[in-house]
Amino acid sequence: MRLQKLASLMKEKNFDGAVISPGTNLYYLTGLKIHEAGERLTVLVVSADGNYHLLAPGLYENVVRNFPVTFWRDGENPYHKLAWILAELELSSGRLLIEDTMRADWLINIIKLGRFEFHPLSSLMRELRMRKDKHEIEMMKHAAKAADRIFDEILSWDLLGMRERELALKIELAVRELSDGISFEPIVASGENAANPHHEPGERRLRKGDMVILDYGARWRGYCSDITRTIAIGRPSEKLVEIYEVVKEAQENAYRAVREGTKAKEVDRAAREAIARAGYGEYFTHRTGHGLGLDVHEEPYIGPDGETILENGMTFTIEPGIYIPSLGGVRIEDDVVVLDGRGKRLTRADRELVFL
């Protein structure tokens with residue numbers, strides 16, 4: 001059971017307990033689908049002895065079953081009940097792990113409940129979540145297949161003259177039809193806008209000669225995919241075609257560098273060196289990739305400072321890019337898992353440049 005693994009790890013690292021608010025860590029540990037509850041205090045308390053108890057608003061009385069839980073209703077002070085739970089688990093003081101994304105007002109009130117030394121929960125959860133098991137990988141394969149199918153759909157659409165935000169919405173709707181939902185808001189960046197890696201889709205219409213970056217992802221049973229393809233509307237400039245081939249080579253080099261026992265920064269270096277050799281090093285402005293799972297960005301990070309040693313079960317993106325102001329940009333991204341000591345692509349949509 002994942003909660004017991006967390007408890008064992010806390011004991012090993014000399015932590016006394018953890019307070020976990022709604023999010024992917026709570027889902028990973030319990031399987032409970034408790035969404036962000038706004039201002040209503042919702043936390044799971046776990047002790048290093050392996051005991052745990054959930055505090056939740058009464059809104060969840062018909063959702064949370066067969067789990068140690070105390071509910072509170074509007075008009076009650078939930079922190080009084082949280083104090084009782086902490087006392088029951090013998091956590092009135094000590095080294096306490098706190099969910100990294102917890103609301104500040106919740107944390108301020110928790111500080112008042114005891115003499116605690118606080119530490120980020122991510123320092124331990126990364127150890128549990130970074131290596132995916134077979135079930136998790138199957139979920140991610142499903143999410144990746146949805147992303148691949150949507151790319152094929154996009155190529156059948158009449159894109160010339162379409163607004164960026166219109167295309168982004170069509171992609172989102174297609175994702176929702178084939179999966180449990182989007183893993184992030186789709187990015188559509190056309191022409192000179194493609195020089196901005198995280199461009200927000202706007203009113204610009206796609207026109208002949210554009211390179212168009214399409215970056216989107218699907219979720220399946222909580223697990224994310226994240227794919228980027230760059231397509232051409234008509235025939236772009238020869239410089240942009242050249243840039244595309246450089247990025248494709250960099251992405252392939254990084255993919256081939258994925259090995260069990262290799263440091264993440266070596267994968268980044270393989271991509272970065274290919275782009276630098278072609279004379280575009282200054283235009284590759286971000287890391288090569290990021291971990292992927294229940295969150296679309298998690299450990300391990302594939303960057304120049306990535307000291308994580310790759311192991312079987314680790315999943316991450318490989319997404320080098322070149323972005324030239326006033327001209328445009330190219331990014332190619334795939335999801336990769338380390339299996340049997342080597343990298344294996346989960347997303348498999350065509351990486352050759354498509355001219356529409």
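The following exchange asks how some descriptions of this predicted model are justified.

User: What do the numbering and the values rest on?

Analyst: Residues are numbered from 1 along each chain as its sequence is written. In this predicted model local features need pLDDT of at least 70, side-chain atom pairs count only at pLDDT 80 or more, and totals for chains, interfaces and linings use all residues, while side-chain values use heavy atoms, with hydrogens and water left out.

User: Why is the chain called as compact as a globular protein of its length?

Analyst: The globule rule is 2.2 Å times the number of residues to the power 0.38, and the radius of gyration is taken over C-alpha atoms. For 356 residues the rule gives 21 Å, and the chain has a radius of gyration of 23 Å, which is close to that value, so the chain is as compact as a globular protein of that length.

User: What makes a set of residues a nonpolar core, and which members of the largest one touch the most others?

Analyst: The members must be buried Ala, Val, Leu, Ile, Met, Phe, Trp, Tyr or Cys residues joined through side-chain atoms within 4.5 Å, where buried means under 20% relative accessible area with a 1.4 Å probe, counting protein chains only. The largest core has 41 residues, and L6, M10, I20, L29, L44, L54 and F67 touch the most other members. Its largest share, five residues, comes from α6, helices being DSSP runs of H or I with at least four residues, numbered from the N terminus. A second, separate core of 32 residues includes A250, A254, I318 and V338.

User: How much of the chain counts as buried?

Analyst: By that cut-off, 55% of the 356 residues are buried.

Conventions: Buried < 20%, exposed > 50% of the residue type's maximum accessible area, 1.4 Å probe, protein only. Helix = DSSP H or I, 4+ residues; strand = E, 2+ residues; numbered from the N terminus.
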